[in-house]
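I opened my notebook to go through one model, feature by feature. These entries record what I looked up.

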Amino acid sequence: MTSVIKAVHIRLEGVTASFRHPLVISGTQISTPMPAYSNLLGMMSACAGRTVRPEETRIGFEFHCLSHNLELERTVRWQTDKQGRLKLHSKGQGIAYRQVYWSPSLDLYVTNRAFKATFEKPVATPCFGRSQDIAWIKWVREVDLYPMRRGSLGPTLVPYPQPGIAGTIVRLPEWFENGKQGQPRQSGPFGHYQAMLPTIGNLRFEVERKNLFHSSDAKQDNEVIYLHQWLVE
């Protein structure tokens with residue numbers, strides 16, 4: 001039987017968030033409904049100043065935002081001349097469309113309490129996706145996570161299928177390997193997930209599944225988080 005787990009709860013907030021879908025390249029850059037677990041490892045790596053690997057901690061989270069829309073961004077286009085030299089495109093500048101979430105907030109739970117010091121004194125600025133989507137850390141505190149069989153789950157990313165909740169089905173990598181200089185990143189295993197919409201406000205869904213935990217600082221007695229079980233390669 002799973003016992004109580006000591007963990008760290010970190011609250012991060014920002015102005016914008018955009019998590020580019022790693023398997024989609026199109027004229028309009030779409031965002032996944034919420035950060036993938038690889039995004040969260042990247043955020044933790046920025047704060048730690050090193051690569052944080054999945055075996056170092058389990059992760060649970062809730063991601064909220066007020067709204068989402070398409071952002072327009074002016075781009076500078078280039079072309080090559082007959083000698084192969086770069087020059088400004090004859091048609092001038094272009095417009096890029098990108099899906100953006102506004103006023104994002106992230107409640108991050110990590111079971112490795114050594115990361116408490118990491119978020120209290122981060123080495124670099126955490127981001128909600130792009131480098132310009134700067135996040136700030138509101139607070140960091142230690143909590144106890146109590147195992148539950150069922151409870152009220154907020155917007156997060158759970159393995160598919162999860163009956164009883166609304167959400168988008170996405171296929172996402174667990175992590176990326178970026179240890180070889182000059183080489184492209186290598187993805188870890190891919191999982192199918194159900195991403196609950198982050199704009200649901202205080203709406204929560206009653207679910208029953210493995211790896212549910214009630215945090216000692218939760219507002220309601222029946223609130224739970226899903227603590228992710230990493231896929232094995």
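The entries below go from strands to backbone angles, then to salt bridges, a surface patch and a pocket.

**Entry: a predicted model**

I noted at the start that this is a predicted model. I kept that in mind for every value below.

**Entry: strand pairing**

I started with strand 15, residues 190-195. Which way does strand 11 pair with strand 15? Strand 11, residues 157-159, runs antiparallel to strand 15, with three bridges between them. I looked for a facing pair and found V158 opposite Q194 in strand 15.

Then I turned to strand 12, residues 168-173. Strand 12 also pairs with strand 15 in the antiparallel sense, and I counted six bridges there. In this pairing R171 stands opposite H192. So I have two antiparallel pairings written down for strand 15, one with strand 11 and one with strand 12.

**Entry: a cis peptide**

I checked the peptide bonds next. Where is the cis bond that involves P161? The bond joins Y160 to P161, and omega is about 0 degrees. I placed P161 in the loop between strand 11 and strand 12. Those are the two strands I had just matched to strand 15.

**Entry: positive phi**

I looked for positive phi outside glycine. S103 has a phi of about 50 degrees, and S103 is not a glycine. S103 sits in the loop between strand 8 and strand 9, the latter being residues 105-110. Is S103 buried or partly exposed? S103 counts as partly exposed because its relative accessibility is 36%.

N211 was another entry of this kind. Its phi is near 65 degrees, again positive in a residue other than glycine. N211 is not in a loop: I found N211 in strand 16, residues 205-215. With a relative accessible area of 22%, N211 is partly exposed. The cut-off matters here, because buried means under 20%.

**Entry: salt bridges**

How many salt bridges are there? The count comes to 18. I wrote out three of them.

The side chains of E56 and R50 meet in a salt bridge, at 2.8 Å from N to O. I checked how open each partner is. E56 is partly exposed at 24% relative accessibility. R50 is partly exposed too, with a relative accessible area of 40%.

The E71 and R98 side chains form another salt bridge, at 3.7 Å from N to O. This pair links distant parts of the chain: E71 belongs to strand 5 and R98 to strand 8, 27 residues apart. R98 has a relative accessible area of 11%, so R98 is buried.

In the E120 and K116 salt bridge, the closest N and O atoms are 2.6 Å apart. Why are E120 and K116 separated by about one helical turn? Because they are four residues apart in helix 2, residues 115-120. E120 is partly exposed, with a relative accessible area of 44%. K116 is partly exposed as well, at 22%. I then looked for bridges that share partners. Such salt bridges join E71, E73, R98, R130 and D133 into one network.

**Entry: a nonpolar surface patch**

I moved to the surface. Which residues form the nonpolar patch? They are L70, L72, I95 and Y97, with about 370 Å² of accessible area together. Strand 5 (67-75) and strand 8 (94-102) are the elements that give two or more residues to this patch. Y97 lies in strand 8. I looked up Y97 by itself: at 36% relative accessibility, Y97 counts as partly exposed. Strands 5 and 8 had already come up with the E71 and R98 salt bridge.

**Entry: the largest pocket**

I finished with empty space. A probe the size of a water molecule, rolled over the atoms, shows where empty space is left. The largest pocket has a volume of about 800 Å³. I counted 37 lining residues. Which of them lie nearest the centre? They are S38, N39, G42, F176 and R185.

I then sorted the lining by element. Helix 1 (37-48), strand 12 and strand 13 (176-177) each supply at least two lining residues. Helix 1 gives the largest share, eight residues. Strand 12 thus turns up twice in my notes because it pairs with strand 15 and adds to this lining.

Methods: Residues are numbered from 1 along each chain as its sequence is written. This is a predicted model: local features need pLDDT of at least 70, side-chain atom pairs count only at pLDDT 80 or more; totals for chains, interfaces and linings use all residues. Side-chain values use heavy atoms; hydrogens and water are left out. Patches are made of residues with over 30% relative accessible area and no salt bridge: like charges are joined within 9 Å, nonpolar side chains (Val, Leu, Ile, Met, Phe, Trp, Tyr) within 5 Å. Accessible areas come from the Shrake-Rupley method with a 1.4 Å probe; for residues, only the protein chains shown count as cover. A salt bridge is a side-chain nitrogen of Lys or Arg within 4 Å of a carboxyl oxygen of Asp or Glu. Buried means under 20% relative accessible area, exposed over 50%, partly exposed in between (1.4 Å probe, protein chains only). Two strands pair if DSSP finds at least two bridges between them. On a 1 Å grid over the protein atoms alone, a cavity is a set of points where a 1.4 Å probe fits but cannot get out, and a pocket is an open set with protein on both sides within 12 Å along at least five of seven lines; lining residues have an atom within 4 Å of a point. Grid points are joined across faces, edges and corners, and a volume is the space filled by probe spheres set on the points.
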